Structures are given as C-alpha cells and as structure tokens.
Amino acid sequence: VTDWHQLEKERFASDLAQQLYKEAHKGSFDTLVIIASRVVLSQLRSELHKEVADRITLEIPKVLTNHPLNEIEEILTRSLHEAV
C-alpha cells in the first residue's frame with residue numbers, strides 16, 4: 001500500500017532542503033530556526049546539506065498550521081528563551 005501522505009512529506013523535506021542549501025550558499029542567512037512536525041523534522045535532517053545543518057540554532061517539533069502569526073511569534077520567542 002502506497003502512503004501518499006508520507007511520500008508528500010518526504011518530497012516536501014527534500015525540496016525544502018534543496019532550497020535552504022541554495023539560500024545558504026548565497027549567504028541569505030547565518031542562523032536558522034526550523035519549526036515543523038517531528039516527522040518532517042526527521043526527514044529534513046536526513047536531507048540537509050552540512051552547510052545548512054551547521055547554521056541551525058534551534059529545532060522546534062510543532063505543527064503550527066493555521067496558527068495566527070502572533071501565536072507563532074510567542075511560541076518561537078518562548079522556545080528561543082528556553083534554549084538559552
């Protein structure tokens with residue numbers, strides 16, 4: 001049985017990893033915080049180039065789809081403070 005939802009998550013992680021590599025190579029960011037579901041984070045870790053992985057300062061395993069921006073900002077701010 002083909003799990004299309006899982007395949008789409010893997011494709012998303014692969015596409016995102018490629019885009020992040022391009023942006024890192026261009027110098028678009030020095031540090032990176034990634035917020036994603038545990039499944040996507042896991043897949044993304046296996047796809048990331050070292051140049052990107054070395055710039056990750058924090059990973060937050062959460063699904064924030066449909067959250068308002070102010071809630072996302074609060075979660076990010078709180079997580080950054082807890083990580084220090």
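This briefing describes the fold, the core, the largest pocket and several single residues of one protein. The model is predicted. The protein has 84 residues, of which 27% are buried. Its secondary structure comes to 4 helices and 2 strands, and from the N terminus on the elements run α-β-α-α-β-α.

**Overall layout**

- Along its principal axes, the C-alpha trace of the protein spans about 40 × 30 × 20 Å.
- Among contacts with a separation of 6 or more, 68% are between residues 24 or more positions apart.
- The two strands, β1 and β2, run parallel and are joined by 5 bridges.
- One of the residues in this pairing is Ile35, whose bridge partner in β2 is Ile60.

**The two faces of β1**

- In a regular strand, side chains alternate between the two faces of the sheet.
- Strand β1 shows this alternation: Leu32, Ile34 and Ala36 point to one face, and these residues are buried.
- Val33 and Ile35 point to the other face of β1 and are not buried.
- Leu32 touches Leu20, Val52, Arg55, Ile56, Thr57 and Leu58, leaving aside residues up to four places away in sequence.

**The nonpolar core**

- In soluble globular proteins, nonpolar side chains tend to be buried together.
- Here the largest nonpolar core holds 14 residues, and those with the most contacts inside it are Leu20, Leu32, Ile34, Leu44, Leu48 and Val52.
- Helix α1, strand β1 and helix α2 each supply at least two residues of this core.
- The element that gives the most to this core is α1, with 4 residues.

**Helix α2**

- Helix α2 covers residues 38–47.
- Its buried residues are Val40, Leu41, Gln43 and Leu44.
- Leu44 is also one of the residues with the most contacts inside the largest nonpolar core.
- The cover over the buried residues of α2 includes α1, β1 and β2, the last of these spanning 56–61.

**The largest pocket**

- The largest pocket holds about 260 Å³ of space.
- Its lining has 14 residues, and Phe12, Ile35, Ala36, Ser37 and Val40 lie nearest the centre of the pocket.
- Three elements each supply at least two residues of the lining: α1 (4–26), β1 (32–36) and α2 (38–47).
- Strand β1 gives the most to the lining, with 4 residues.
- By class, the lining has 11 nonpolar, 2 polar and 1 charged residues.
- Ile35 and Ala36 both lie among the lining residues nearest the pocket centre, although they point to opposite faces of β1, with Ala36 buried and Ile35 not.

**Gln6 and Glu23 in helix α1**

- Gln6 is found in helix α1.
- Gln6 counts as partly exposed because its relative accessibility is 26%, and partly exposed means between the buried limit of 20% and the exposed limit of 50%.
- Gln6 and Val39 are 33 residues apart along the chain, and their C-alpha atoms are separated by 9.0 Å.
- Glu23 is also found in helix α1.
- Leaving aside residues up to four places away in sequence, Glu23 touches Ser28 and Phe29.
- The C-alpha atoms of Glu23 and Ile75 are separated by 25 Å, with their positions 52 residues apart along the chain.

**Lys62 and Asn66 in the loop before α4**

- Lys62 lies in the loop between β2 and α4.
- With a relative accessible area of 37%, Lys62 is partly exposed.
- Lys62 and Ser37 are 25 residues apart in sequence, and 4.9 Å separates them in space, C-alpha to C-alpha.
- The residues that Lys62 touches are Ile35, Ala36, Ser37 and Ile75, not counting residues up to four places away in sequence.
- Ile35, Ala36 and Ser37, which Lys62 touches, are also among the lining residues nearest the centre of the largest pocket.
- Asn66 lies in the loop between β2 and α4, the latter covering 69–83.
- Asn66 is exposed, because its relative accessible area of 75% is over 50%.
- The phi angle of Asn66 is near 70°, a positive value in a residue other than glycine.

How values were computed
Residues are numbered from 1 along each chain as its sequence is written. This is a predicted model: local features need pLDDT of at least 70, side-chain atom pairs count only at pLDDT 80 or more; totals for chains, interfaces and linings use all residues. Side-chain values use heavy atoms; hydrogens and water are left out. On a 1 Å grid over the protein atoms alone, a cavity is a set of points where a 1.4 Å probe fits but cannot get out, and a pocket is an open set with protein on both sides within 12 Å along at least five of seven lines; lining residues have an atom within 4 Å of a point. Grid points are joined across faces, edges and corners, and a volume is the space filled by probe spheres set on the points. Ala, Val, Leu, Ile, Met, Phe, Trp, Tyr, Cys and Pro count as nonpolar, Asp, Glu, Lys and Arg as charged, and the others, Gly among them, as polar. Buried means under 20% relative accessible area, exposed over 50%, partly exposed in between (1.4 Å probe, protein chains only). Contact means heavy atoms within 4.5 Å. A nonpolar core is a set of buried Ala, Val, Leu, Ile, Met, Phe, Trp, Tyr and Cys residues joined through side-chain atoms within 4.5 Å. Two strands pair if DSSP finds at least two bridges between them.
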